[in-house]
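Here is a quick tour for anyone meeting this structure for the first time. Have a look at the sequence and the model, then read on.

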Amino acid sequence: YSNTRGKATALLLVAQAIFLVLFGLFVDYDVSAGPRNSSLSTHSTLAHYYPMYQDVHVMMVIGFGFLMTFLKRHGFGSVGFNFLLTCFVIQWSILVNDFSFTYRLTITIWLTECSYSLLEADFAVATVLISFGAVLGVVSPVQLIMMATIEVVCYNISIYVGIVQFQATDIGGSMFIHAFGAYFGLAVARVLYKKSQTNSRKEGSEYHSDIFAMIGTLFLWLYWPSFNAAPGNGTERHRAVINTVLSLAACTVVTFALSAVTDKKNKLDMVHIQNATLAGGVAMGASADLLVQPFGALLIGSSAAVVSTLGFRYLQPLLQRTIKLHDTCGVHNLHGMPGVLGAVISAIIAAVANKAAYQDSYHELFKNTLRTPGQNGGFQIAALVVVLAIAISTGTITGLLLKLQVWDNLTAVELFEDEVFWEV
């Protein structure tokens, strides 16, 4: 196995040195966290927002990390590189996120209702970790760091166009996190495809590795309502929690049913249970704070289960055979298609929304007061198109860059193998 410690270490230390300089020059506490503010309202606001932020944080490190440990010889790399990417992207995205939206020379870090510096950083982390799932086991740490560095910038471009310019609503990130992360990662995976990826005997799981992966599933399932609701306030946040819980519950029931019925021996597939049960949270994201009604949340979760489970069972093998798309974690089925489904659903709900039904919530959710409901729905679809275009195009370019040998491409024998980078 090749020894790449030198390149990985150099890249990480140089990046951290750059972060130190940029944080020293441009980053400071916001007044709410500064030495001159002892306001009880500020601290009560922190108490209101921090628990949900921490829920999202747990999803990044434990949820995503352990969900990827299903590979029998790549458990260290799955949870370990997930941890590394999380810490790297938190720092990088704090810089990129604030520069993208404020154009200020000073970046302030806080966690209150006015700004979500740390929460927005975790959303950028989620986007990168979704892409990581598509190339899990087939890229080196050096390639991962380079991919994350580029993707955070591209992610912010899509956010700027979709949220700032189009003023689309997507509280839980169906479009801007899940769909973007999935299709960016899939584009990278397609460019990096080698026949040896599909022929490797190391790609499979084992009994105990699947149990570890279920730890990730359960943490993600439990905390997904916080992920979808954390950016919201008041009744919008309340609805997001209720809608997401109901969607996840329905999704899980339907996934169990479909997993068994689509198997020739009527047996459950652990891949479906680990992944498709979460699709309800993805699909609910874009409309979690809208008035979908409880029955609508159940319908969305059920639909996501159908799309995701059938995607794992039939579409993923088909794409691998026909267009040579190797998707290690099946992010297309868990994040890509359910994310698109969620965006389309949000467009329909936005198009029929009216001020009488939403009352005080209407202008909180639909910022442009000059648009008709139909126009709001149209901009939801426009935002989705932009997200997919940016994700696929920039992911393809990133994949071409990562093919350069300077970034430590893995050989066939090194795929899905911890021993390349870890003492085992």
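## The overall build

Start with the secondary structure: the protein chain has 16 helices and four strands. Keep in mind that this is a predicted model.

How does the radius of gyration of the protein chain fit with a compact globule of 424 residues? For that many residues, a compact globule would come out near 22 Å, and the protein chain has 21 Å, so the two agree. If you want a box to picture, the C-alpha atoms fill one of roughly 60 × 55 × 35 Å, taken along the principal axes.

## Inside and outside

Of the 424 residues in the protein chain, 56% are buried. On the outside, the chain exposes about 17,900 Å², and carbon and sulfur atoms supply 68% of that area.

The chain also makes plenty of links between distant parts of its sequence: take the contacts between residues at least 6 apart, and 82% of them join residues at least 24 apart.

## A nonpolar patch on the surface

Which residues make the nonpolar surface patch of about 320 Å²? They are Val 344, Ile 348, Ile 381 and Val 385. Two helices each supply at least two residues of this patch: H13, which covers 331-352, and H16, which covers 373-402.

Ile 381 is the one to zoom in on. This residue lies in helix H16, and its relative accessibility is 34%, so Ile 381 counts as partly exposed, the range between 20% and 50%.

## Around Leu 315

Now hop over to helix H12, residues 294-322, where you'll find Leu 315. At 25% relative accessibility, Leu 315 counts as partly exposed too.

What does Leu 315 touch, leaving aside residues up to four places away in sequence? The answer is Leu 310, His 332 and Met 337. Of these, His 332 is 17 residues from Leu 315 along the chain, and the C-alpha atoms of the pair are separated by 9.4 Å.

## Cysteines without partners

A disulfide is a covalent bond between the sulfur atoms of two cysteines. How many disulfides are counted here? The count comes to zero. Take Cys 329, which is in no disulfide: the nearest cysteine sulfur belongs to Cys 251 and is 17 Å away, while a disulfide needs the two sulfur atoms within 2.5 Å.

Is Cys 329 buried or exposed? Its relative accessibility is 12%, so Cys 329 counts as buried. Cys 154 is buried as well, with a relative accessible area of 8%.

Note on methods
Residues are numbered from 1 along each chain as its sequence is written. This is a predicted model: local features need pLDDT of at least 70, side-chain atom pairs count only at pLDDT 80 or more; totals for chains, interfaces and linings use all residues. Side-chain values use heavy atoms; hydrogens and water are left out. Patches are made of residues with over 30% relative accessible area and no salt bridge: like charges are joined within 9 Å, nonpolar side chains (Val, Leu, Ile, Met, Phe, Trp, Tyr) within 5 Å. Accessible areas come from the Shrake-Rupley method with a 1.4 Å probe; for residues, only the protein chains shown count as cover. A salt bridge is a side-chain nitrogen of Lys or Arg within 4 Å of a carboxyl oxygen of Asp or Glu. Buried means under 20% relative accessible area, exposed over 50%, partly exposed in between (1.4 Å probe, protein chains only). The radius of gyration is taken over C-alpha atoms; the globule rule is 2.2 Å times the number of residues to the power 0.38. Contact means heavy atoms within 4.5 Å.
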